[in-house]
Amino acid sequence: MKSVTGLLALILLLAGVGASHAVVRIADDRGGRIGTYVDRYQGLRSSGEAVIIDGLCASACTIVLGAVPHDRICVTSHANLGFHAAWDFGANGRAVTNPEATQMLYSMYPSAVRRWIAQRGGLRPQMIFLRGRQLMSMYRPCYLDAQASTPRSNRRDRDSHQHRMTMPIPAVLARQPD
């Protein structure tokens, strides 16, 4: 009977070791076309993966805040979110603010982020940055060294600025005791 109980305990232990979830780490992402990011983050939302923001996430990258559920996003002390008005190329090749796209972008953000942006004059051509204590007050902090656990050898990973890691979710989203 002892051996059966021991064997059962070993099987349950081994089953638990394999149970982990993929985590997407965002860092050094300067953004791009809004549609590309909407598509990317809809897939991320559907996947159930968690997101670690661990560095710059600017421009269209910030759409992640509205696309992925709040409880699946955490930020490290390196997180830095950059917001600005949406723009198109004008007839002379210069950037021209697109009011409709700017309003669409603004409406994607959670209410706390929209309030923070509004307190700074709204989305304008100039970048405004949300980081530090203000960001940590809006999003769950990640208590791990995400920088050390990210693979750096794959060129595709460097170019996409998003890295998938597999780790137990509780280690990523754990809160420190109050």
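Q: Before we start, what does "buried" mean here?
A: Buried means under 20% relative accessible area, while exposed means over 50%. One more thing to know is that this is a predicted model.

Q: Thanks! Which residues are buried in helix α5?
A: Helix α5 covers residues 111–119, and Val 113, Trp 116 and Ile 117 are buried there. Seen down the axis of α5, its buried residues fall within an arc of 100 degrees, so they line one face of the helix.

Q: And what's on the other side of α5?
A: That's where Arg 115 and Gln 119 sit, and they are exposed.

Q: What covers the buried residues of α5?
A: The cover includes three helices and two strands by name: α3 (64–67), α4 (99–108) and α6 (132–138), along with β5 (80–83) and β8 (128–131).

Q: What follows α5?
A: Gly 121 does, and its phi is positive, near 95 degrees.

Q: Let's zoom out. How many helices and strands does the chain have?
A: There are eight helices and 10 strands.

Q: How much of the chain counts as buried?
A: The chain has 178 residues, and 39% of them count as buried. The area that the chain exposes is about 10,400 Å², with carbon and sulfur atoms supplying 56% of it.

Q: What about contacts between residues at least 6 apart in sequence?
A: Of those contacts, 69% join residues at least 24 apart.

Q: New topic: how many disulfides does the structure hold?
A: Two. If the term is new to you, a disulfide is a covalent bond between the sulfur atoms of two cysteines.

Q: Which cysteines are involved?
A: One disulfide is formed by Cys 57 and Cys 61, with sulfur atoms 2.1 Å apart. The other joins Cys 74 to Cys 142, at 1.9 Å from S to S.

Q: Is the Cys 57 and Cys 61 disulfide left-handed or right-handed, and why?
A: The torsion about its S-S bond is about -110 degrees, so this disulfide is left-handed. Cys 57 and Cys 61 are both buried.

Q: And the link of Cys 74 and Cys 142?
A: That link is right-handed, with 105 degrees about the S-S bond. Cys 74 lies in strand β4 (residues 73–75) and Cys 142 in the loop between β9 (140–141) and α7 (155–160), so the pair ties together parts that are 68 residues apart in sequence.

Q: Are Cys 74 and Cys 142 buried or exposed?
A: Cys 74 and Cys 142 are buried.

Q: Back to helices. How many residues does α2 have?
A: Helix α2 (residues 34–47) has 14 residues and reaches 20 Å from its first C-alpha to its last, close to the 20 Å expected.

Q: Which residues of α2 are buried?
A: Ile 34, Tyr 37, Tyr 41 and Leu 44 are. They cover an arc of only 90 degrees around the axis, which puts them on the same side of α2. On the other side of α2, you'll find Asp 39 and Ser 46 exposed.

Q: What comes just after α2?
A: Gly 48, which takes a positive phi of about 85 degrees.

Q: Last topic: how many aromatic pairs are there?
A: A search of the whole structure finds four. Among them, Trp 87 and Phe 89 form an edge-to-face pair, 5.0 Å centre to centre and with 85 degrees between the planes.

Q: How exposed are Trp 87 and Phe 89?
A: Trp 87 is partly exposed, with a relative accessible area of 40%, and Phe 89 is exposed at 61%.

Q: Which residues form the aromatic cluster?
A: Phe 83, Tyr 109 and Trp 116 form one.

Terms used: Residues are numbered from 1 along each chain as its sequence is written. This is a predicted model: local features need pLDDT of at least 70, side-chain atom pairs count only at pLDDT 80 or more; totals for chains, interfaces and linings use all residues. Side-chain values use heavy atoms; hydrogens and water are left out. A disulfide is a pair of cysteine sulfur atoms within 2.5 Å. Buried means under 20% relative accessible area, exposed over 50%, partly exposed in between (1.4 Å probe, protein chains only). Helices (H or I, at least four residues) and strands (E, at least two) are DSSP runs, numbered from the N terminus. The expected span of a helix is 1.5 Å times one less than its number of residues. The arc is that of the directions from the helix axis to the C-beta atoms. Contact means heavy atoms within 4.5 Å. Accessible areas come from the Shrake-Rupley method with a 1.4 Å probe; for residues, only the protein chains shown count as cover. Rings of Phe, Tyr and Trp (its six-membered ring) pair if their centres lie within 6.5 Å; planes under 30 degrees apart count as stacked, over 60 as edge-to-face and the rest as tilted.
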